[in-house]
Each structure stands twice: as C-alpha cells, then as structure tokens.
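Reader: Hello! I'm new to this structure and would love a close look at one part of it, with someone to talk me through what sits around it.

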Amino acid sequence: MRRILAIMLLAAFSVAALCQGPSKQLQELEKYLKQQGFTPEHKQSTVWGEGLTHQWSLSHTVYTMKAYRDESKSEEENQRIAHHIDSISTLRRQGMVKGIDSIRLAFTRLGAEASESHLYENHRFGIDTIKYSLINQEFEEAPSSSTDTIPLRQKRLEMAHFDYHNYFNQDGGEEAWGLYTHLLSVRNSVEWDDMQPLDIAAFEALVLPELKPMMKLKGAKTYPVHWQHDEGFDDEVSENGGLQQKTTQWGDSHTGLTTGTHYFIPLKYETEANALYQRLDSLAYGYISAHPEQAYVYEFTPPYFPINLCDMVKGVEHKGSDEYYLSFLRTQEGFHILSLRNKGERWVPREWWKLKSYINGKKTYFKGMEPKS
C-alpha cells in the first residue's frame with residue numbers, strides 16, 4: 001500500500017512540474033500518432049541550460065516491395081501473390097498516411113497562433129518531402145545593472161517539427177520515413193548554481209526494491225559490474241576493438257571506473273519483464289519529476305533496445321559527484337537491467353553481460369560464458 005501511495009504522490013508531482021505544460025493540441029496529436037503505429041520516445045532533462053526540458057519524439061518507417069511475375073507459376077498464382085503483397089503494402093501505409101494527414105491539419109491550425117511557422121511540401125517525380133515547424137517563445141525581464149536597457153531572458157520555449165521522406169527502394173517498392181519531434185523548455189525555479197547531483201541512494205531505495213521479487217524467478221541472477229580503464233590505456237568501438245559504447249570527456253584524463261549491479265531475467269519471462277519495465281519507468285519518472293533541483297537526463301523508449309544499452313535515467317556528474325545510470329538491454333538470452341555508478345568516462349565493453357570484469361582491456365568471464373576457442 002505504501003508503494004502504491006508513493007507512486008501516486010510522485011505522479012502528482014510530475015503533473016505539477018508541467019503546470020506550464022505543453023500544447024494540448026500537440027498532446028492529442030501525439031496520442032493519435034501512437035495509435036497509428038508511430039514509435040514514441042520521451043526525453044526529459046534539467047541540465048541543458050536554465051530550465052526543465054522535455055522532448056517527445058515519434059517515428060515511423062514503412063517499407064514495401066513490388067510483386068514480380070514468376071514465369072514458373074500460373075497466372076492465377078502470380079495474381080494471388082501480387083494481391084497479397086499489395087494488401088500488405090496498403091496496410092503498412094495506412095498508419096503513415098493517417099499520421100501525415102493529422103500532422104498537416106494540426107500544424108496548419110496552430111501556425112496561425114505561433115510565433116513562427118513553416119510548412120513545406122515537395123511531391124515531384126513520385127518522391128515526397130515534407131517539412132513542418134512551429135515555434136512559440138515567451139520572455140521575461142531579467143535582472144540587470146544597466147538602466148538603459150531592459151534585458152529579456154527566455155521563460156518558455158515550445159517547438160514542434162515534422163520531417164518526412166519517401167523514395168523507391170531496391171525491391172521495386174517504396175521506403176518512407178517520418179519523424180515528429182516536440183520540444184518544451186520552461187525556466188526552472190532552481191538556478192543552475194543551486195542545482196544538486198542526483199541523490200543516488202534515495203533513487204535506488206525507491207526503484208530497486210521492484211527487482212527483488214523478480215530475482216526469485218528460476219534462472220534470474222545478479223552479477224557485479226566492474227569496467228575500468230586507467231590513464232594511458234585505449235580501446236575502440238570497432239571490429240577489432242573491445243568496446244560496444246564509448247564516451248569521452250574534455251581534458252587530459254581519460255580514465256573511467258563503472259561499478260554496480262547487473263540483474264538478469266530469462267527470456268521466457270517476457271511478460272513479467274515488460275511489466276517490470278513499466279513499473280520501473282513509473283517510479284523513475286515520478287522521482288525525477290519531483291526533484292527539479294537534481295541534475296538528470298531521463299529517456300523513455302520502447303523496452304530493451306536490441307543493439308546498445310538504453311539509459312532510462314542518467315544522473316549527471318555535478319559538483320564532483322558520480323554519474324548514475326539505470327540501463328536496459330534485451331538479448332537472445334533475456335532481459336538485462338543495470339544500476340551503475342560511474343567516475344570519469346564510461347566505456348561499455350563488448351558482450352559486457354558475460355563479463356565479471358573488464359580492466360584495461362583484460363576480460364574476465366563468468367564461468368560457462370567464456371568464448372569458444
């Protein structure tokens with residue numbers, strides 16, 4: 001009951017943080033785009049400039065192919081195959097077409113009230129290019145020692161953009177790609193000098209207990225994480241390199257130490273893992289929205305990106321603090337959740353989920369996970 005109450009209270013804080021919230025018309029548009037198959041992503045941050053920044057993105061890709069006549073098949077069979085492929089192509093296009101129509105209508109209506117708007121379409125030679133944008137800005141007076149001028153600083157900025165292209169592909173069909181983005185930046189009540197690092201202990205105390213019941217599932221495990229590189233050692237994200245991801249920082253020192261806990265849930269528990277992801281996201285978003293004084297970057301994406309680690313929450317290094325990452329990945333084996341502290345540059349070694357440690361390129365594997373010779 002206490003955890004349910006905590007989620008409800010944090011959700012209330014989240015709503016309050018958006019009291020100078022986004023355009024309701026754009027929010028309704030985004031709901032509709034999700035219904036049409038657009039993939040959503042939400043980023044939120046307190047570290048870019050003076051304010052609380054949100055970015056909502058929705059993307060959609062449609063790939064169709066052309067049915068070619070097969071001389072070894074009968075006319076009836078060729079027609080049946082062609083009809084089947086055309087039906088699939090039409091179905092794939094429907095969500096994109098409906099999405100574009102709704103975006104065009106919304107941007108046209110909102111453009112009349114925007115500070116600035118642009119609508120561009122080009123449909124030559126069967127290739128489509130569409131670019132729409134909206135900008136709304138509000139300013140407020142800023143403190144100044146000068147009596148000759150009244151300086152202004154940005155109080156609120158809201159922008160939306162849509163970019164669409166389609167072209168013919170090598171299969172004789174079409175490939176279409178659309179990306180909608182919506183940015184909202186509102187001045188924070190906390191000035192940058194008063195910002196604090198993410199309270200890692202408080203965040204973990206709220207979020208990580210959700211993982212304990214999952215670790216009782218058959219085959220679920222926890223592992224320690226230790227990724228380290230010292231001064232003078234280098235490694236790369238390449239075919240012959242040992243890294244999957246690499247971050248670099250300004251300055252002379254390029255050392256890094258990442259430690260924490262790796263939680264693993266077998267693939268057969270996909271339903272439970274997806275439900276866990278949603279609970280962790282709810283708690284994480286509630287926490288960061290209730291703490292605009294802490295430096296963080298939050299990102300919601302469809303669960304478990306298949307290539308690289310997806311960082312739901314990053315506690316940004318501030319005033320000498322550690323960085324923090326709550327990260328996710330889905331592999332062929334199952335679901336991986338990591339709670340990590342990082343000092344310096346974060347280097348993610350290749351096949352990190354099999355490693356007990358990575359120290360200056362030397363990889364120590366967990367028993368039974370060694371590479372085959």
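Is aspartate 101 buried, partly exposed or exposed, going by its relative accessibility?

Author: Happy to help, and please keep in mind that this is a predicted model. Aspartate 101 counts as partly exposed, because its relative accessibility is 42% and the partly exposed class lies between 20% and 50%. Its salt-bridge partner is arginine 104, with the closest N and O atoms 3.1 Å apart. Arginine 104 is partly exposed too, at 27% relative accessibility. You can find both residues in helix α3, which covers residues 75-111; they are three residues apart, about one turn of the helix.

A second salt bridge makes a good companion to this one. Glutamate 28 and lysine 31 meet through their side chains, at 3.7 Å from N to O. Here, too, the partners are three residues apart, about one turn of their helix, which is α2 (residues 24-35). Glutamate 28 is partly exposed, with a relative accessible area of 49%, and lysine 31 is partly exposed at 48%.

For a salt bridge outside the helices, look at lysine 246 and glutamate 236, whose closest N and O atoms are 3.2 Å apart. This pair links distant parts of the chain, ten residues apart: lysine 246 is in strand β9 (residues 243-246), while glutamate 236 is in the loop between β8 (221-229) and β9. Lysine 246 counts as partly exposed at 27% relative accessibility, and glutamate 236 does so at 38%. Coming back to your residue, Asp101 is joined with Arg104 and Glu121 into one network by salt bridges that share partners. In total, the structure holds 13 salt bridges.

Now let's go from charged pairs to the nonpolar interior. The largest nonpolar core has 33 residues, and Val313, Leu326 and Ile337 touch the most other members. At least two residues of this core come from each of α4 (200-207), β10, α5 (270-289), β11 (294-300), β12 (310-315), β13 (323-330) and β14 (334-344). Helix α5 gives the largest share, nine residues. Leaving aside residues up to four places away in sequence, leucine 326 touches several residues, including Phe203, Val207, Val313 and Ile337. Another core lies apart from this one; it has 21 residues, among them Leu29, Phe38, Met96 and Ala160.

Aromatic rings add one more layer to the picture, and the structure holds 13 aromatic pairs. Phenylalanine 203 and tyrosine 324 form an edge-to-face pair, because their planes stand at 65°, with the ring centres 5.5 Å apart. Since phenylalanine 203 lies in helix α4 and tyrosine 324 in strand β13, this pair ties together parts that are 121 residues apart in sequence. Both phenylalanine 203 and tyrosine 324 are buried. A tilted pair is formed by tyrosine 277 and phenylalanine 300, at 5.9 Å centre to centre and 50° between the planes. Tyrosine 277 is in helix α5 and phenylalanine 300 in strand β11, so the pair connects parts that are 23 residues apart in sequence. Tyrosine 277 counts as buried at 0% relative accessibility, and phenylalanine 300 is buried at 19%.

Two last stops bring in rings again. Phe107, Tyr132, Phe162, Tyr164 and Tyr180 form one aromatic cluster. The charged end of arginine 346, meanwhile, sits over the ring of tyrosine 325, 3.8 Å from its centre.

Note on methods: Residues numbered from 1 in each chain as written. Predicted model: local features only at pLDDT ≥ 70, side-chain atom pairs only at ≥ 80, totals over all residues. Heavy atoms only, no water. Salt bridge = Lys/Arg side-chain N within 4 Å of Asp/Glu carboxyl O. Helix = DSSP H or I, 4+ residues; strand = E, 2+ residues; numbered from the N terminus. Buried < 20%, exposed > 50% of the residue type's maximum accessible area, 1.4 Å probe, protein only. Core = buried A, V, L, I, M, F, W, Y, C linked by side-chain atoms within 4.5 Å. Contact = heavy atoms within 4.5 Å. Phe/Tyr/Trp six-rings, centres within 6.5 Å; stacked < 30°, edge-to-face > 60°. Lys NZ or Arg CZ within 6 Å of the ring centre and 35° of its normal.
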